[in-house]
Amino acid sequence: MASSILVCLMFAWVFEVSNGAVYKVGDSAGWTTIGNVDYKLWAAPKTFQLGDIIVFEYNPQFHNVMQVIHSEYKACNASSPISTHTTGNDSITINSHGHHFFVCGVPGHCQAGQKVDINVLRSPSDAPTQSGIPSSVPAPTVVPSPSPNAAPRPALASPFLKLGWLLLILHLSLMLYFNCHSDLTALCYKC
């Protein structure tokens with residue numbers, strides 16, 4: 001029985017982790033200075049959320065990705081980055097609200113526009129109530145119009161969907177457990 005519950009919890013965790021959208025920075029152009037990609041314009045219509053994955057694709061011989069603070073982003077200063085990525089295919093999971101600033105640290109590239117601000121807004125359900133304790137009643141989910149470069153999200157991206165999956169897995173696990181321990185079924189030989 002304990003193993004069934006553990007399996008259910010693992011499924012719930014996997015479902016929670018894989019719930020974010022995937023965004024390729026710059027769409028088909030990728031992370032580059034060629035083609036005059038406007039990364040501010042690219043990010044503007046998107047509604048980034050916790051768990052989203054931001055993918056930077058670029059030629060690592062000519063570019064990199066550095067996460068920086070706001071003042072360094074504005075000044076195109078990559079001298080003390082928060083993190084540096086150099087693979088050419090970097091996937092960064094957004095795990096906190098607020099602005100996430102990225103620049104190319106190659107001299108002149110940020111000044112040429114190779115920088116992006118990924119802003120994750122707090123949803124109404126994340127905001128504290130007047131008592132300072134987050135509300136336990138989820139706020140209505142506003143689903144933005146789909147972006148052609150974002151992975152599809154579940155139609156009902158709310159805690160109720162996750163709870164439904166968890167209950168289904170728990171129900172199936174309990175059915176299997178009791179069927180395997182019953183003399184009324186032939187499944188006993190297979191369990």
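Okay, let's start in the sheet: Lys24 has its bridge partner in β2, and that partner is Val55. Keep in mind that this is a predicted model. That bridge belongs to a parallel pairing, with β1, residues 22-24, running alongside β2, residues 53-57, over three bridges.

Now go to the other pairing of β2. Here β5, residues 89-93, comes in antiparallel, and the two strands share five bridges. If you want a spot to click on, take Glu57, whose bridge partner in β5 is Asn89.

Next up, the loop between β1 and α2, which is where you'll find Thr32. So is Thr32 buried or exposed? Its relative accessibility is 12%, and the cut-off for buried is under 20%, so Thr32 counts as buried. What does its side chain reach? That would be the backbone nitrogen of Ile34, at 3.0 Å. Leaving out residues up to four places away in sequence, Thr32 also touches Val37, Tyr39, His63 and Gln114.

Hang on to Tyr39, since that name comes back in the second largest pocket. Thirteen is the count there: 13 residues line that pocket, and Tyr39, Lys40, Ala43, Tyr73 and Asp117 are the ones nearest its centre. Two elements, α2 (39-43) and β7 (115-120), each give two or more residues to the lining. As for the space inside, we're talking about 250 Å³.

And the chemistry of that lining? The residues split into six nonpolar, five charged and two polar.

That's my tour; let's pull up Thr32 in its loop between β1 and α2 and talk.

Key
Residues numbered from 1 in each chain as written. Predicted model: local features only at pLDDT ≥ 70, side-chain atom pairs only at ≥ 80, totals over all residues. Heavy atoms only, no water. Pairing = 2+ DSSP bridges. Helix = DSSP H or I, 4+ residues; strand = E, 2+ residues; numbered from the N terminus. 1 Å grid on protein atoms, 1.4 Å probe; cavity = no way out; pocket = protein on both sides within 12 Å on 5 of 7 lines; lining within 4 Å. Points joined across faces, edges and corners; volume = space filled by probe spheres on them. Nonpolar A, V, L, I, M, F, W, Y, C, P; charged D, E, K, R; others polar. Buried < 20%, exposed > 50% of the residue type's maximum accessible area, 1.4 Å probe, protein only. Polar contact = N/O pair within 3.5 Å; in protein donor to acceptor, adjacent residues only side chain to side chain. Contact = heavy atoms within 4.5 Å.
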